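This report considers the strands, the charged contacts and the enclosed space of a single protein chain. Please read it alongside the sequence and the coordinates.

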Amino acid sequence: VISGNRLAGIDVSGARTTGNLIISNYIGTDANGFASIPNGTGILIQGGAHGNQVGGWVPSARNVICGNYSNQLRITGPGTSGNVIQGNYIGVDASGESAAQEGGDGVLVDSGASQNLIGGTALGTGNLIGGMGLWTFGRPAGAGIEVAGIESAWNVIQGNWIGLDARGLAPLYNLGGGIRVNGAWKIIIGGSGTAQNVIGDTNNSPGMGTYNHILPGNWYFDSVRYIGHPERLGGSFRT
């Protein structure tokens, strides 16, 4: 349980920082994974750190990264590459059914971080991301996933469930949108089959609907058809 720190709960920094595995933690919550005891940022990966993994494809490897003041997970800076974020609850408590609206983004990739993987196509690699964003100066800010900056290239976002709960039956909206791309380029978002992201938020960057399953405004009624088989919604997330 890593909570109550003024800056980052976990800070993975430096060009020689590689091959580390972060699994099975509660970051920003109490020992039960429900009440918030916020860090400034949940997990910060920066300064050229590369080849590190947060979470995994089996439920026992899942991190619950929730309730932190700023971004729940941030990957930032030139050379910060090849990091893998899989199978986590981000912005969502340990039940997978509830989330407090937190500031910042669920996952922010920015300032030249490149070739990082958020999710995946194998069952269990997708992240559950929801409950992000606050109203700032009368406008919603904070997305499920945001990739920002022209040098933030070749990042891959696949198989995640964004803006809905672990059963696929209730909204956990991100006020600033599901996936936002802000000046970044050469990004792979979604695909076919389990590569597609399932997004309950209708506010996304343009063109997202071609390769992802974006649920309609009355998506709850659409998802009821999948009770007992939520994996049929698509993506690679599993409870």
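What volume does the largest cavity have? In this predicted model, the volume of the largest cavity is about 40 Å³.

## Enclosed space

The count of cavities of 30 Å³ or more comes to 1. The lining of the largest cavity includes the run Gly56, Trp57, Val58 and Pro59, together with Arg62 and Gly87. Gly124, Gly126, Phe237 and Arg238 also belong to this lining.

By residue class, the lining of the largest cavity divides into 4 nonpolar, 4 polar and 2 charged residues. Gly counts as polar and Arg as charged under the classification used; the lining contains Gly56, Gly87, Gly124 and Gly126, and also Arg62 and Arg238.

## The six-stranded sheet

An open sheet is built from 6 strands with parallel pairing, arranged in the order 2-5-8-11-16-19. Its edges are strand 2 (21–22) and strand 19 (188–189), each of which pairs on one side only.

Within this order, strand 5 is followed by strand 8. Strand 5 covers residues 53–55 and strand 8 covers residues 84–86; the two run parallel and are joined by 3 bridges. Val54 has Ile85 of strand 8 as its bridge partner.

## The seven-stranded sheet

A further open sheet has 7 strands, again with parallel pairing, in the order 3-6-9-12-17-20-21. Here the edge strands are strand 3 (26–27) and strand 21 (213–214), and each pairs on one side only.

At one end of the order, strand 20 is followed by strand 21. Strand 20, residues 198–199, pairs with strand 21 in the parallel sense over 2 bridges. In this pairing, Ile199 stands opposite Ile214 of strand 21.

## Salt bridges

How many salt bridges does the structure hold? The structure holds 3 salt bridges. One of them joins Arg74 to Asp110, with the closest N and O atoms 2.8 Å apart. This pair links distant parts of the chain: Arg74 lies in strand 7 (residues 73–76) and Asp110 in strand 10 (residues 107–110), 36 residues apart. Is Asp110 buried or exposed? Asp110 is buried because its relative accessible area is 9%, under the 20% limit. Arg74, at 27% relative accessibility, counts as partly exposed.

Glu97, Asp165 and Arg167 are linked in a network of salt bridges. The side chains of Arg167 and Glu97 meet at 3.3 Å, N to O. This contact also links distant parts of the chain, 70 residues apart: Arg167 lies in the loop between strand 17 (161–162) and strand 18 (179–182), while Glu97 lies in the loop between strand 9 (89–90) and strand 10. The side chain of Arg167 also forms a salt bridge with that of Asp165, at 4.0 Å from N to O.

The members of this network have the following accessibilities. Arg167 has a relative accessible area of 47% and is therefore partly exposed. Glu97 is likewise partly exposed, with a relative accessible area of 30%. Asp165, in contrast, is buried, with a relative accessible area of 2%.

Note on methods. Residues numbered from 1 in each chain as written. Predicted model: local features only at pLDDT ≥ 70, side-chain atom pairs only at ≥ 80, totals over all residues. Heavy atoms only, no water. 1 Å grid on protein atoms, 1.4 Å probe; cavity = no way out; pocket = protein on both sides within 12 Å on 5 of 7 lines; lining within 4 Å. Points joined across faces, edges and corners; volume = space filled by probe spheres on them. Pairing = 2+ DSSP bridges. Helix = DSSP H or I, 4+ residues; strand = E, 2+ residues; numbered from the N terminus. Buried < 20%, exposed > 50% of the residue type's maximum accessible area, 1.4 Å probe, protein only.
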